[in-house]
Amino acid sequence: VVQSHKFSHLLSSTQVQKEADRVYSGVDKVLYSNGKDIKFKLLKNTTTICGKTPKNGVRYYDADHTSYYPKKVKPVFSEEIEYLGLHIKVKVNTKDLYIVESLRGDISCCELKRIMFKDGWHYYVNLYIRSDAPNKRNSLNICKEVQGMDLGVSTAAVVSDTNVILEELAPKSIEYEKRIKELQRKIDRSKRITNPNNYHPDGTIKKGCRKWFYSKNCLRNMRLLTVLIRKKAMSTEHAHYILANKILDNGIYIYTEAMIFYGLQH
C-alpha cells in the first residue's frame, strides 16, 4: 500500500487493496496452511485488475446502471466503463438473452481482463452481479431419471435404466498438447541461441540470470504459445459443459462415489 502512491495515476485505492488481499492470502497459506512457497506473478502474466466496489476504480455504466458514477462524471457512451478519467466503450451482445437477463442485477464490482490472441491483447470487463443466475432450463421438461456415474482420469461413464454414456474427457486436448510441446521446443532452441551465456556447458540454466534476449520469431512463438494454452483450457471447459448437459438431459438424480481429485493429479 505504501508503494501505491507511485502508481496512483494508474491504480485506484480499492484495486491496490484487492491486490494486497491476494498477496496476504498467499502468505497466509504458506504460514498457516498447506502452501509451500510464495509465487511472484510477472508483469507479462498479470491479466486482471479488479476492484472491491462498483463506485471506485473500474465503473460500469449503461441504461440500467446509472448510479455508480458520481455527479461530476458524465458518460460519453451509452454503454461504457470509466477508469481513472478514461472512458472506454463496451460492446455488449444484446442478442444473447442470458447476458441481457444477467445484467439486470446490481453490480458488486468490475474487473478488467486481457486475453492474448494472434493479433495481440483483447480487453474485456468482467461484471460480478449480485443476484441469482437466470435459469437456462425449463423445469417442466427436466427428466427425473436416476443415474450412476463413475469418473475416471480421462473418461466418464454414466448408466441409467434407458441410457449409457461413455465418453472421453476433453478429447481435443491431446491435439493441443502436441502443438504446445512443439512450440515449447522452438522457444527453448531460440532462447539457447540468443542467450548462450545464460547456460552451463551441460545445458542447464545458470542461477541468477537476469537479462534475457529474445528474437522477434521467439516473441511471436511465445504469443502463439499463450494463445494455444488458452484455447486448450477453453476447449476442455467447453467439452465438460457439453458432457454435463448431456448427463442432465438424461436425469437430475446422479449417484457417484466420493472422489479425491487431489490424489488423481499424481
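In this predicted model, Gln147 stands opposite Ser160 of strand E8. Gln147 belongs to strand E7, which covers residues 146–151 and pairs with E8 in the antiparallel sense over five bridges. Another pair between these strands is Gly148, whose bridge partner in E8 is Val159. The chain passes from E7 to E8 through a hairpin of three residues.

Strand E8 comprises residues 155–160 and has two faces that differ in cover. Ala156, Val158 and Ser160 lie on the covered face, whereas Thr155, Ala157 and Val159 lie on the uncovered one. In a regular strand, side chains alternate between the two faces of the sheet. The two bridge partners already named can be placed accordingly: Ser160, opposite Gln147, is one of the residues on the covered face of E8, while Val159, the partner of Gly148, is on the uncovered face.

E8 also pairs with strand E9, residues 164–168, through five bridges, and these two strands run antiparallel. Here Ala157 stands opposite Leu166 in E9. E8 and E9 form a hairpin with three residues between them.

How are the strands ordered in the whole sheet? Four strands make up an open sheet with the order E9-E8-E7-E10, and the pairing is mixed. E9 and strand E10 (253–256) are the edge strands, each pairing on one side only. On average, neighbouring strands of this sheet are turned by 20° against each other, with direction ignored. Helix H4, residues 216–250, packs on this sheet and touches E7, E8, E9 and E10. The direction of H4 makes about 175° with that of E9.

The model has another open sheet, built from three strands in the order E2-E3-E4 with antiparallel pairing. Why do its outer strands each have a side without a neighbour in the sheet? Strand E2 (58–61) and strand E4 (86–89) stand at the edges with a single partner strand each, so one side of each has no neighbour in the sheet. Neighbouring strands here are turned by 25° against each other on average, direction again ignored.

Within this sheet, strand E3 (residues 80–83) and E4 pair in the antiparallel sense over four bridges. One of the residue pairs joins Ile81 to its bridge partner in E4, Ile88. Strands of a sheet pair through backbone hydrogen bonds, either parallel or antiparallel. The E2-E3-E4 sheet is antiparallel, whereas the pairing in the E9-E8-E7-E10 sheet is mixed.

Terms used:
Residues are numbered from 1 along each chain as its sequence is written. This is a predicted model: local features need pLDDT of at least 70, side-chain atom pairs count only at pLDDT 80 or more; totals for chains, interfaces and linings use all residues. Side-chain values use heavy atoms; hydrogens and water are left out. Buried means under 20% relative accessible area, exposed over 50%, partly exposed in between (1.4 Å probe, protein chains only). Two strands pair if DSSP finds at least two bridges between them. Axes are lines fitted to C-alpha atoms, for helices over the stretch in contact, and angles run from 0 to 180 degrees between N-to-C directions. Contact means heavy atoms within 4.5 Å.
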